[in-house]
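I sat down with this one to look up a few things in turn. These are my notes, kept short for whoever shares the bench with me.

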Amino acid sequence: MQRKAYVTGTAALLVALLAGCTSGATDSGTTDDANPGEAGSATAVAQPGRYRTLPEPCGAVGHDTLDSLLPGIQQITDPEQREAAYAGDATLTYDTDRKVGCRWKVESADATDHLLVDFERVVSYDNAVSDDSQAQTIFATKEAAADLPEPSASTTATPSDSSSASTAPSPSSSSSASSASSASSSSSSPSSPSLTPSATSSSSAAALQPRVLSGLGDEAFLDDALNSSGSTAQQRTVTVVFRTSNVIVTVEYAEQPATVGVVPDSQKMQDRARKLAARLADSLNG
């Protein structure tokens with residue numbers, strides 16, 4: 001009889017334990033279902049950039065543009081060598097969907113010209129940071145590395161106003177003033193107000209300094225550096241960098257004259273580099 005009572009008590013204990021486990025599982029399920037919104041919701045993922053691929057860099061620059069930036073191409077008489085010069089050389093890359101570039105180098109009787117076009121597609125691996133935001137950060141780093149000078153106020157030359165500042169002649173001196181005016185006009189005519197050469201050159205220099213550019217992509221800047229290597233001719237390098245969405249484009253244009261003492265024209269090189277950058281921006285925008 002004692003053994004029978006023991007077995008019965010053990011069975012009761014097992015039933016109680018099983019009932020507790022079943023109740024716990026049921027409670028757990030009820031807890032999960034009580035907050036379906038929290039369980040099913042996810043953190044918002046930042047938007048991907050506009051561009052998923054990059055253009056073929058060596059084919060991104062037309063022959064007419066290359067003729068302008070690299071005048072030595074037209075001096076190449078051999079057809080095969082000329083086509084090779086137009087083709088350029090692709091830069092080393094490990095992922096053509098992320099970074100591609102092309103280089104050209106052409107010698108002429110007057111100078112050696114270099115051109116680099118580089119495309120970088122930025123991808124953010126942080127779900128909280130969009131591709132555009134990541135590209136903006138990288139662009140800012142490039143701009144900071146360029147160490148652009150602080151923008152200066154435009155230089156405005158004021159014409160000499162000594163004649164207007166002088167008081168009008170009194171009636172008693174009108175005749176003498178008239179005689180003096182006639183004598184002056186007979187010898188030389190008064191010059192019209194104009195910018196002095198020093199003011200003009202100063203204004204031009206300010207306009208050509210490295211600076212932030214407007215109207216090119218989402219943001220852009222231009223750098224202009226003149227380097228001299230010992231006794232060789234000075235080489236000027238103009239760099240234009242712009243960002244469109246998650247793609248950063250770099251145009252690097254350099255020229256080294258064949259003659260020592262000759263300085264490459266800054267305005268001409270900047271105009272050529274900016275025109276190429278604008279064409280590349282248009283091609284990206286389709």
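My entries below go through the sheet, the disulfide, two buried charged residues and one strand residue.

**Entry 1: the sheet**

I began by noting that the model is a predicted one. Then I asked: in what order do the strands of the open sheet run? I found seven strands in the order E1-E2-E3-E7-E6-E5-E4, with antiparallel pairing. At the edges I noted E1 and strand E4 (211–213), since each of these pairs on one side only.

I walked across the sheet from the E1 side. Strand E1 (residues 89–90) is joined to strand E2 (residues 99–107) by two bridges, and the two run antiparallel. In that pairing I see Ala90 opposite Cys102 of E2.

Next I looked at E2 and E3. Nine bridges hold this antiparallel pair together, and the two strands make a hairpin with three residues between them. I wrote down two of the facing pairs: Val100 stands opposite Phe119 in E3, and Cys102 has Val117 as its bridge partner in E3.

On to E3 and strand E7 (residues 247–257), an antiparallel pair with eleven bridges. Here Asp118 faces Thr250 in E7. I also checked how covered E3 is, and ten of its eleven residues are buried.

Further along, strand E5 (residues 219–227) and strand E6 (residues 235–244) run antiparallel and share nine bridges. Ala220 is the residue opposite Phe242 in E6.

**Entry 2: the disulfide**

How many disulfides does a search of the whole structure find? I got one. The partners are Cys58 and Cys102, with their sulfur atoms 2.1 Å apart. The link is right-handed, with 100° about the S-S bond.

Why does this pair tie together parts that are apart in sequence? Cys58 sits in the loop between helix H2 (36–40) and helix H3 (63–69), while Cys102 is in strand E2, so the link connects parts 44 residues apart in sequence. A disulfide is a covalent bond between the sulfur atoms of two cysteines. I also checked exposure: Cys58 and Cys102 are both buried. My note to self is that Cys102 has already come up above, as the residue opposite Ala90 and as the bridge partner of Val117.

**Entry 3: Arg121**

I picked Arg121 next, which lies in strand E3 (residues 111–121). Which side chain of opposite charge is nearest to Arg121? That is Asp97, 5.3 Å away, and Arg121 is buried with no salt bridge. Salt bridges are counted within 4 Å, so a nitrogen-to-carboxyl distance beyond that does not qualify.

I then looked for backbone oxygens by its side chain. The backbone oxygen of Asp97 is 2.6 Å from a polar atom of the Arg121 side chain, and that of Tyr51 is 3.4 Å from one. Leaving out neighbours within four places in sequence, I listed the contacts of Arg121 as Tyr51, Arg52, Thr53, Leu54, Asp97, Arg98, Asn246 and Val247.

**Entry 4: Asp131**

Asp131 is in helix H5 (residues 131–146). I found Asp131 buried and without a salt bridge, and its nearest side chain of opposite charge is Arg121, 5.5 Å away. Which backbone nitrogen does the side chain of Asp131 reach? I traced it to that of Gly49, at 2.8 Å.

Beyond its neighbours within four places in sequence, Asp131 is in contact with Gln47, Pro48, Gly49, Val122, Val123, Ser124 and Asn246. I noticed Asn246 in this list and in the one for Arg121.

**Entry 5: Val240**

Last, I went to Val240 in strand E6. Is Val240 buried or exposed? It counts as buried, because its relative accessibility is 0%.

I also took one C-alpha distance: Val240 and Asp223 are 17 residues apart along the chain, and their C-alpha atoms are separated by 6.5 Å. Not counting residues up to four places away in sequence, Val240 touches Leu213, Leu216, Phe221, Leu222, Val249, Thr250, Val251, Ala273, Arg274 and Ala277. I recognised Thr250 there as the residue that Asp118 stands opposite in E7.

Terms used: Residues are numbered from 1 along each chain as its sequence is written. This is a predicted model: local features need pLDDT of at least 70, side-chain atom pairs count only at pLDDT 80 or more; totals for chains, interfaces and linings use all residues. Side-chain values use heavy atoms; hydrogens and water are left out. Helices (H or I, at least four residues) and strands (E, at least two) are DSSP runs, numbered from the N terminus. Buried means under 20% relative accessible area, exposed over 50%, partly exposed in between (1.4 Å probe, protein chains only). Lys and Arg count as positive and Asp and Glu as negative; His and the chain ends are not counted. A polar contact is a pair of N or O atoms within 3.5 Å; within protein, one must be able to donate a hydrogen and the other to accept it, and residues adjacent in sequence count only if both atoms are side-chain atoms. Contact means heavy atoms within 4.5 Å. Two strands pair if DSSP finds at least two bridges between them. A disulfide is a pair of cysteine sulfur atoms within 2.5 Å.
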